[in-house]
Amino acid sequence: MQAAEADLDAIERRVARGALRGAANIGMRVGEVVNRRKVKKHFECRIGDDSFSHRRRAESVRREPALDGVYVIRTSPAAEDMAAEDCVRSCKALTRVERAFRTMKTADLHVRPIHHRTADRVRAHIFLCMLAYYVEWHMREAWRDILFSDPELAASWRMRDPVAPAQRSGAARRKAATRRLPDGTPAYSFRTLIEDLGTVVRNTCRARAASAKGAAATFEMTTLAEPEQERALSLIGEIGANPAANEAM
């Protein structure tokens with residue numbers, strides 16, 4: 001409020017000395033201030049072609065502290081079916097849906113727009129998008145300990161206060177600061193780990209033919225994985241052995 005008043009006072013002085021004229025121009029400057037400071041409802045502004053004045057709306061300011069920091073979630077389930085804490089958790093869990101759409105469209109999967117002409121093809125396209133994200137979700141869960149994510153924060157999701165800001169664990173903060181895991185090996189983001197694993201490839205090699213007419217022998221050779229890559233691949237192999245993983249999603 002004080003910062004907004006200082007900005008409005010500056011506009012009022014400019015209008016008074018004739019440096020700013022015209023109701024449209026004055027209104028544009030006033031709008032920038034009240035919209036940037038998010039206090040439009042608390043000020044009454046009077047704008048003319050060569051005049052400007054403002055004052056606080058005392059009643060609006062008086063009511064504001066009663067609702068400051070309070071938000072309301074209205075749901076259809078009855079109170080006996082869903083506690084207030086679970087309601088807030090469910091509301092905040094919508095960020096996972098938004099993250100999933102962002103992942104599918106831009107971040108990792110880059111599912112390009114494909115225009116279909118039949119309903120079956122549209123459903124098939126959506127199914128493949130969801131299936132790809134489902135696979136990625138399992139990969140992230142399997143790699144949680146070697147990524148920059150916070151396993152402790154995820155494990156306590158249903159137990160901590162859903163209104164209080166989430167606090168990262170000390171281990172996660174150290175991992176982000178040092179970019180290392182507790183055992184000294186590198187920590188990864190999901191994308192950098194995928195890029196690192198992409199260097200493990202299977203090459204088809206062709207031996208030089210003994211003669212121009214002779215058929216050259218071929219054989220396959222797979223790149224030897226580094227210890228960190230071996231660890232990531234072994235964690236992926238454990239996905240099917242964890243039946244509780246599907247329930248967690």
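In the predicted model, strands β1 and β2 form a hairpin with four residues between them; strands (E, at least two residues) and helices (H or I, at least four) are DSSP runs numbered from the N terminus. The two strands run antiparallel and are joined by five bridges, where pairing requires that DSSP find at least two bridges between two strands. Within this arrangement, I47 stands opposite F52 in β2.

The model is predicted, and local features were accepted at pLDDT of at least 70 and side-chain atom pairs at pLDDT 80 or more, whereas totals for chains, interfaces and linings use all residues. Residues are numbered from 1 along each chain as its sequence is written, and side-chain values use heavy atoms, with hydrogens and water left out.

The structure holds 13 salt bridges, each defined as a side-chain nitrogen of Lys or Arg within 4 Å of a carboxyl oxygen of Asp or Glu. One of them connects the hairpin strands: R55 pairs with E44, with the closest N and O atoms 2.7 Å apart. Because R55 lies in β2 (residues 52-56) and E44 in β1 (residues 43-47), this pair ties together parts that are eleven residues apart in sequence. R55 is partly exposed, at 46% relative accessibility (buried, under 20% relative accessible area; exposed, over 50%; partly exposed, in between; 1.4 Å probe, protein chains only).

A salt bridge also joins the side chains of R37 and D7, with an N to O distance of 3.1 Å. This contact links distant parts of the chain, as R37 belongs to helix α2 (residues 23-37) and D7 to helix α1 (residues 2-16), 30 residues apart. R37 has a relative accessible area of 37% and is partly exposed.

Within helix α6 (residues 119-142), E136 and R140 are four residues apart, about one turn of the helix, and their side chains meet in a salt bridge of 2.8 Å, N to O. E136 is buried, with a relative accessible area of 3%, whereas R140 is partly exposed at 31% relative accessibility. Elsewhere, D7, R36 and R37 are joined into one network by salt bridges that share partners.

R13, R14, R17 and R29 form a positive surface patch. Patch members have over 30% relative accessible area and no salt bridge, with like charges joined within 9 Å and nonpolar side chains (Val, Leu, Ile, Met, Phe, Trp, Tyr) within 5 Å. Lys and Arg count as positive and Asp and Glu as negative, while His and the chain ends are not counted; charges are placed at NZ of Lys, CZ of Arg, CG of Asp or CD of Glu. Of the patch residues, R14 is found in helix α1 and is partly exposed, with a relative accessible area of 31%.

Key
Areas by Shrake-Rupley, 256 points an atom, 1.4 Å probe, with all protein chains shown as cover.
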